[in-house]
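This briefing sets out how the strands, cores and charged pairs of one protein chain are arranged. Please read it alongside the sequence and the structure shown here.

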Amino acid sequence: MSPARPAGHAARPPDFSAHEFRASLGMFATGVTIVTARTPDGSLIGLTANSFNSVSLSPPLVLWSLAHHAGSMAFFRNGSHYAINVLAADQQALAERFAARGIDRWADVAFTEGGNGAPLLDGAAASFECFNRSQYTEGDHVIFVGEVERCTHRPGASPLLFHGGRFYAEHPL
């Protein structure tokens, strides 16, 4: 569902390596989120993502992206709701757990159920409960646009940050 470009308009081939591109992207500091949902059979799914961004205030829209090869892609493509949990500075271990493979990501994780059924992680700096409004395939990822039905934040919470391949819990001004 990508918009078409006018005929004759195309990007030039890149003059850099995939490694250089990834390293350059890493210089943009981001917050860290865990996107969560409940499958139709009641199972919990979740993954760490730093591709979160706001889109619109009216209507309230946010976006995040997921690689095509992700194991949870089929559910997120077809599911109606999910939650985006913005992690607080003291939740690095949770970010690492939800980025790992081959483990029970949900073992001993404290959460409450959101209004749409998606888990809201205890201690998160903010959470956004979203309707799965639209999806756009671009390159090796799918961009998900969520319409925010509910949101909350923890006043005074410091965010967990990611920059240059490392987590940061303190952010001097």
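Two strands are taken to pair if DSSP finds at least two bridges between them. Strand β6 and strand β9 (residues 126-138) meet this condition, because six bridges join them, and the two run antiparallel. The model discussed here is predicted. The UniProt annotation "domain: Flavin reductase like", from an unreviewed entry, covers residues 25-169. Over residues 25-169 the chain is 10% helix and 48% strand, with the end C-alpha atoms 20 Å apart.

**Strand β6 and its partners**

- Strand β6 spans residues 81-86, and five of its six residues are buried, so the strand is largely enclosed by the rest of the structure.
- Strand β2 (residues 33-38) pairs with β6 in the antiparallel sense over four bridges.
- Within the pairing of β2 and β6, Val-35 stands opposite Ile-84 of β6.
- Ile-84 also has a bridge partner in β9, namely Phe-128.
- Ala-83 has Glu-129 as its bridge partner in β9.

**The β9-β10 hairpin**

- Strand β10 (residues 141-153) pairs with β9 in the antiparallel sense over twelve bridges.
- One facing pair is Ser-134 with Val-145, the latter in β10.
- β9 and β10 form a hairpin with two residues between them.
- In the turn of this hairpin, Gly-139 has a positive phi of about 55°.

**The three-strand sheet**

- An open sheet of three strands follows the order β1-β11-β12, with antiparallel pairing.
- Its edge strands are β1 and β12 (166-168), each of which pairs on one side only.
- Strand β11 (residues 161-163) is joined to β12 by three bridges, and these strands run antiparallel.
- Leu-161 has Tyr-168 as its bridge partner in β12.
- Thr-30 belongs to strand β1 (residues 30-31).
- Thr-30 has a relative accessible area of 13%, which is under the 20% limit, and therefore counts as buried.
- Leaving aside residues up to four places away in sequence, Thr-30 touches Asn-50, Leu-160, Leu-161 and Phe-162.

**Nonpolar cores**

- The largest nonpolar core has 22 residues, and those with the most contacts inside it are Trp-64, Phe-76, Tyr-82, Ile-84 and Phe-144.
- The elements that give two or more residues to this core are β2, β3 (44-49), β5 (61-67), α2 (73-78), β6, β9 and β10.
- A second, separate core of ten residues includes Ile-34, Ala-95, Trp-106 and Val-109.
- Phe-76, with residues up to four places away in sequence not counted, touches Val-35, Ala-37, Ile-45, Leu-47, Trp-64, Leu-66, Tyr-82, Asn-132, Gln-135 and Phe-144.

**Salt bridges**

- Side chains of opposite charge can pair when their charged atoms come close.
- The count of salt bridges comes to four.
- Arg-38 forms a salt bridge with Glu-113, and the closest N and O atoms are 3.3 Å apart.
- Arg-38 lies in strand β2 and Glu-113 in strand β7 (residues 111-113), so this pair ties together parts that are 75 residues apart in sequence.
- Arg-38 is partly exposed, with a relative accessible area of 28%, whereas Glu-113 counts as exposed at 51% relative accessibility.
- Glu-129 and Arg-150 meet through their side chains in a salt bridge (3.6 Å, N to O).
- Glu-129 lies in strand β9 and Arg-150 in strand β10, so this pair ties together parts that are 21 residues apart in sequence.
- Glu-129 counts as buried at 7% relative accessibility, while Arg-150 counts as partly exposed at 38%.
- A network of salt bridges links Glu-129, Glu-149 and Arg-150.
- Glu-147 and Arg-133 also meet through their side chains in a salt bridge (2.9 Å, N to O).
- This pair links distant parts of the chain, with Glu-147 in strand β10 and Arg-133 in strand β9, 14 residues apart.
- Glu-147 counts as partly exposed at 25% relative accessibility, and Arg-133 counts as partly exposed at 41%.

Conventions: Residues are numbered from 1 along each chain as its sequence is written. This is a predicted model: local features need pLDDT of at least 70, side-chain atom pairs count only at pLDDT 80 or more; totals for chains, interfaces and linings use all residues. Side-chain values use heavy atoms; hydrogens and water are left out. Buried means under 20% relative accessible area, exposed over 50%, partly exposed in between (1.4 Å probe, protein chains only). Contact means heavy atoms within 4.5 Å. UniProt positions are given in the numbering used here, feature names are shortened, and annotations may be inferred rather than shown by experiment. A nonpolar core is a set of buried Ala, Val, Leu, Ile, Met, Phe, Trp, Tyr and Cys residues joined through side-chain atoms within 4.5 Å.
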